[in-house]
Amino acid sequence: QVQLVESGGGLVQAGGSLRLSCAASGIVFSILDMGWYRQAPGKQRELVAHITRGTTTNYADSVKGRFTISRDNAKNTVYLQMNSLKPEDTAVYFCNANSRLNYWGQGTQVTVSS
């Protein structure tokens, strides 16, 4: 079955960096459009970054210039490099994959302290 396994979340001080990883299995990775979403308590889930099978990217305005999404098809993995982190980046971050169907990872907690 299709599975998305996330890693890299944790607690970091403001101004620090984290790299999130999402490894896909059970599907041909190269056909997938991939995205990172986040959800804070009491708020709706929002798109953070997106990368197509052709590697076209887009970002939420709040993270432009600080976050970078990339993919390594040989490793079936998508990454989110997060630099210059702010307390308002604190949320659960979810990996998403889309082909014929839509798939979600389990979520990984990112906490940024002031």
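A disulfide, as the word is used in these legends, is a pair of cysteine sulfur atoms within 2.5 Å. Please keep in mind that every view shows a predicted model.

**View 1. The disulfide between Cys22 and Cys95.** The structure holds 1 disulfide, and its partners are Cys22 and Cys95, with an S to S distance of 2.1 Å. The torsion about the S-S bond is -85°, which makes this link left-handed. Cys22 belongs to strand E3 (residues 18-25) and Cys95 to strand E9 (residues 91-98), so the bond ties together parts that lie 73 residues apart in sequence. Neither end is open to the surroundings: Cys22 is buried at a relative accessible area of 0%, and Cys95 is likewise buried at 0%. As a reminder, a disulfide is a covalent bond between the sulfur atoms of two cysteines.

**View 2. The open sheet E1-E3-E8-E7.** Here 4 strands line up in the order E1-E3-E8-E7, with antiparallel pairing, to form an open sheet. Its edges are strand E1 (3-7) and E7, each of which pairs on one side only. With direction ignored, neighbouring strands of this sheet are turned by 15° against each other on average.

**View 3. Strand E1 beside E3.** Moving in on one edge of that sheet, we find E1 and E3 paired in the antiparallel sense over 5 bridges. Two residues of E1 make good landmarks: Val5 stands opposite Ala23 in E3, while Ser7 has Ser21 of E3 as its bridge partner. In a regular strand the side chains alternate between the two faces of the sheet. E1 shows this alternation: Leu4 and Glu6 point to one face and are buried, whereas Gln3, Val5 and Ser7 point to the other face and are not buried.

**View 4. Arg38 and its neighbours.** Arg38 sits in strand E4 (residues 33-39). Is the residue buried or exposed? Arg38 is buried, because its relative accessible area is 6% and the cut-off for that label is under 20%. Its side chain makes polar contacts with two other side chains in this view: one of 2.9 Å with Tyr93 and one of 3.4 Å with Ser62. Leaving aside residues up to four places away in sequence, the residues that Arg38 touches include Gln44, Arg45, Glu46 and Val48. Other contacts of Arg38 in the same set are Ser62, Val63, Phe67, Asp89, Ala91, Val92 and Tyr93.

**View 5. The largest nonpolar core.** This core has 30 residues. Which of them touch the most other members? They are Met34, Trp36, Val78, Leu80, Met82 and Tyr93. Tyr93 may look familiar, as its side chain is also a polar partner of Arg38. At least two residues of the core come from each of E3, E4, strand E5 (46-51), E7, E8, E9 and strand E11 (108-113). In soluble globular proteins, nonpolar side chains tend to be buried together.

**View 6. Strand E11 with E2 and E9.** E11 pairs with strand E2 (residues 10-13) in the parallel sense over 4 bridges, and 3 bridges join E11 to E9, which runs antiparallel to it. Val110 is a handy place to centre the view: Gly10 stands opposite this residue, and Ala91 has Val110 as its bridge partner in E11. The strand has a covered face made up of Thr108, Val110 and Val112, and an uncovered face with Gln109, Thr111 and Ser113.

**View 7. Two loop residues with positive phi, Asn76 and Ser84.** Asn76 is not a glycine, yet its phi is positive at about 55°. It is found in the loop that links strand E7 (67-72) to strand E8 (77-82). With a relative accessible area of 25%, Asn76 is partly exposed. Ser84, also a residue other than glycine, has a positive phi near 50°. Where does Ser84 lie? Its place is in the loop between E8 and E9. Ser84 is partly exposed as well, at a relative accessible area of 40%.

Conventions
Residues are numbered from 1 along each chain as its sequence is written. This is a predicted model: local features need pLDDT of at least 70, side-chain atom pairs count only at pLDDT 80 or more; totals for chains, interfaces and linings use all residues. Side-chain values use heavy atoms; hydrogens and water are left out. Buried means under 20% relative accessible area, exposed over 50%, partly exposed in between (1.4 Å probe, protein chains only). A polar contact is a pair of N or O atoms within 3.5 Å; within protein, one must be able to donate a hydrogen and the other to accept it, and residues adjacent in sequence count only if both atoms are side-chain atoms. Contact means heavy atoms within 4.5 Å. Two strands pair if DSSP finds at least two bridges between them. Axes are lines fitted to C-alpha atoms, for helices over the stretch in contact, and angles run from 0 to 180 degrees between N-to-C directions. A nonpolar core is a set of buried Ala, Val, Leu, Ile, Met, Phe, Trp, Tyr and Cys residues joined through side-chain atoms within 4.5 Å.
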